[in-house]
Amino acid sequence: MSEPWVVRVDDVADPRLEPYTRLTDVALRQRKDTATGTYVAESSLVVRRAFEAGHRIESFLLAERWLEGLADVIAGAQRPGETVPVFVGEPATLERLTGFHLHRGALAIVHRPAQPTIPELLAGARRVAILEDVTDHTNVGAIFRSAAALGVDAVLVSPRCADPLYRRAVRVSMGAVFSVPWARAETWPAALETVRAAGLTLAALALDDDAVTLEALEADLPERLALVLGTEGPGLTPAAVEACDLVVRIPMARAVDSLNVAAAASVAFWATRLR
């Protein structure tokens, strides 16, 4: 590819590559949405899905072999009067630059879309997932993928929940974070009252003596339902459980007390899906 936007790189100190030089896991976890206004799309599939979702790409960082496979995305990302650079290097150079093994040789810096308000997010939604303090990015990504596959209309995350647009969450979701609308609550657990005011029944997935079984909920499904899921280990906080309309548990066998939160989410999404 000889287009003018292709930039060959072999010097990791090139100032044009500065957005890519701090992409260690630690640095990315510390980045704030308001500080950069960008996220990292990793792998050719995710880069393509980000582009197809209408997200504005700032630059690409690719191994040579992806130039042809992403040629249409690269060309489509160019804007009148503004060249979107495509930095191309050898895999070893790219790994030295980013500080981690470059998954499948493709990255892009992408501008974050504006988040909806909670009322905007919930308008018309009949199935909603709410994540309280789920800090593992793999779990967040897996939950988004299940949400997309099983008909969840929207996802609301608590202030301390992991970033759905962190590169690992995006990759695990296979780009589903681009197709399921989501927003981050600014106050917690007060945001749950906003959800109730929008007309949704709040169901907390938790181990509780007063919990109903998932089968019982499935037999009498509310028209509009929000499933509230907590982090690994501690689960939902007492304040979040108290703010919900009912508590639901998934019956377990063989003395297992609970499922991983991503697995529990999949089971609950399936059981409560719209028929």
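In this predicted model, the charged end of Arg 273 sits over the ring of Trp 270, at 3.5 Å from the centre of that ring. Aromatic rings also meet one another here, since a search of the whole structure finds 2 aromatic pairs. The points below take up these pairs and then turn to helix H13, which spans residues 261-271.

**The pair of Tyr 39 and Phe 178**
- The ring centres of Tyr 39 and Phe 178 are 5.8 Å apart and their planes stand at 40 degrees, so this pair is tilted.
- The pair links distant parts of the chain, because Tyr 39 belongs to strand E2 (residues 38-42) while Phe 178 lies in the loop between helix H9 (167-172) and strand E8 (182-184), 139 residues apart.
- Tyr 39 is buried, with a relative accessible area of 3%, and Phe 178, at 13% relative accessibility, also counts as buried.

**The pair of Phe 144 and Trp 182**
- Phe 144 and Trp 182 form an edge-to-face pair, with 6.5 Å from centre to centre and 85 degrees between the planes.
- Phe 144 lies in helix H8 (residues 137-149) and Trp 182 in strand E8, so the pair ties together parts that are 38 residues apart in sequence.
- Both Phe 144 and Trp 182 are buried.

**Helix H13**
- Asn 260 caps the N-terminal end of H13, where a side-chain oxygen lies 2.7 Å from the backbone nitrogen of Ala 262.
- The buried residues of H13 include Val 261, Ala 262 and Phe 269, and the buried residues of this helix pack against several elements, among them strand E6 (127-131), H8 and helix H11 (214-219).

Technical notes:
Residues numbered from 1 in each chain as written. Predicted model: local features only at pLDDT ≥ 70, side-chain atom pairs only at ≥ 80, totals over all residues. Heavy atoms only, no water. Phe/Tyr/Trp six-rings, centres within 6.5 Å; stacked < 30°, edge-to-face > 60°. Helix = DSSP H or I, 4+ residues; strand = E, 2+ residues; numbered from the N terminus. Buried < 20%, exposed > 50% of the residue type's maximum accessible area, 1.4 Å probe, protein only. Lys NZ or Arg CZ within 6 Å of the ring centre and 35° of its normal. Contact = heavy atoms within 4.5 Å. Polar contact = N/O pair within 3.5 Å; in protein donor to acceptor, adjacent residues only side chain to side chain.
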